Amino acid sequence: MADHVQPDSAVLVHFTLTLEDGSVAESTRGNGKPALFRLGDGSLSDDLEAHLLGLQVGDKRAFTLSPESAFGQK
């Protein structure tokens with residue numbers, strides 16, 4: 001097992017998605033269940049995957065994505 005996120009990694013993460021006005025659009029913290037994603041399977045954008053690459057267990061990151069690089073326009 002790798003000690004950091006790399007292409008084709010399965011990652012189990014808690015996340016909070018906030019909008020430009022600061023309101024929370026989605027969060028895994030509320031239900032206490034992290035989300036499982038597999039990099040490279042097409043479920044995440046390339047930009048989002050790029051922010052996850054290299055992270056290690058326990059790392060916390062905040063970053064901004066355009067709607068097109070996240071989940072699309074409203």
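These legends walk through a few views of one predicted protein model.

A quick note on the ground rules: residues are numbered from 1 along each chain as its sequence is written, and side-chain values use heavy atoms, with hydrogens and water left out. Since this is a predicted model, local features need pLDDT of at least 70 and side-chain atom pairs count only at pLDDT 80 or more, while totals for chains, interfaces and linings use all residues.

**View 1. The whole protein, with one helix and four strands.** Read along the sequence, the elements follow the pattern β-β-β-β-α. Helices (H or I, at least four residues) and strands (E, at least two) are DSSP runs, numbered from the N terminus. The C-alpha trace spans about 40 × 25 × 20 Å along its principal axes. The radius of gyration is 13 Å, which agrees with the value near 11 Å for a compact globule of 74 residues; that radius is taken over C-alpha atoms, and the globule rule is 2.2 Å times the number of residues to the power 0.38. Buried residues make up 18% of the 74, where buried means under 20% relative accessible area, exposed over 50%, and partly exposed in between (1.4 Å probe, protein chains only).

**View 2. How confident the predictor is, by pLDDT.** This score is the predictor's confidence in each residue, from 0 to 100. The protein averages 90, and 95% of the residues score at least 70. Among the elements, β2 has the lowest mean (91), and strand β4, residues 35-38, has the highest (96).

**View 3. The largest pocket, with about 1600 Å³ of space.** Of its 41 lining residues, F15, T16, L48, L52 and F63 are the closest to the centre. Three elements give two or more residues to the lining: β1 (10-13), β2 (16-18) and α1 (46-52). β1 gives the most, with four residues. The lining divides into 23 nonpolar, eleven polar and seven charged residues. Here Ala, Val, Leu, Ile, Met, Phe, Trp, Tyr, Cys and Pro count as nonpolar, Asp, Glu, Lys and Arg as charged, and the others, Gly among them, as polar. As for the terms, a pocket is an open set of points on a 1 Å grid over the protein atoms alone, where a 1.4 Å probe fits, with protein on both sides within 12 Å along at least five of seven lines; lining residues have an atom within 4 Å of a point. Grid points are joined across faces, edges and corners, and the volume is the space filled by probe spheres set on the points.

**View 4. D8, in the segment before β1.** Phi of D8 is near 75°, a positive value in a residue other than glycine. Most residues other than glycine have a negative phi. D8 is exposed, with a relative accessible area of 53%. Not counting residues up to four places away in sequence, D8 touches R38, L39 and G40; contact means heavy atoms within 4.5 Å.

**View 5. S9 and A10, where the chain enters β1.** S9 sits in the segment before β1 and is buried, at 13% relative accessible area. Leaving aside neighbours within four places in sequence, S9 is in contact with H4, F37, R38 and L39. A10 lies in strand β1 and is partly exposed, at 46%. With residues up to four places away in sequence left out, A10 touches L36, F37 and R38. The C-alpha atoms of A10 and L36 are separated by 6.9 Å, though these residues are 26 apart along the chain.
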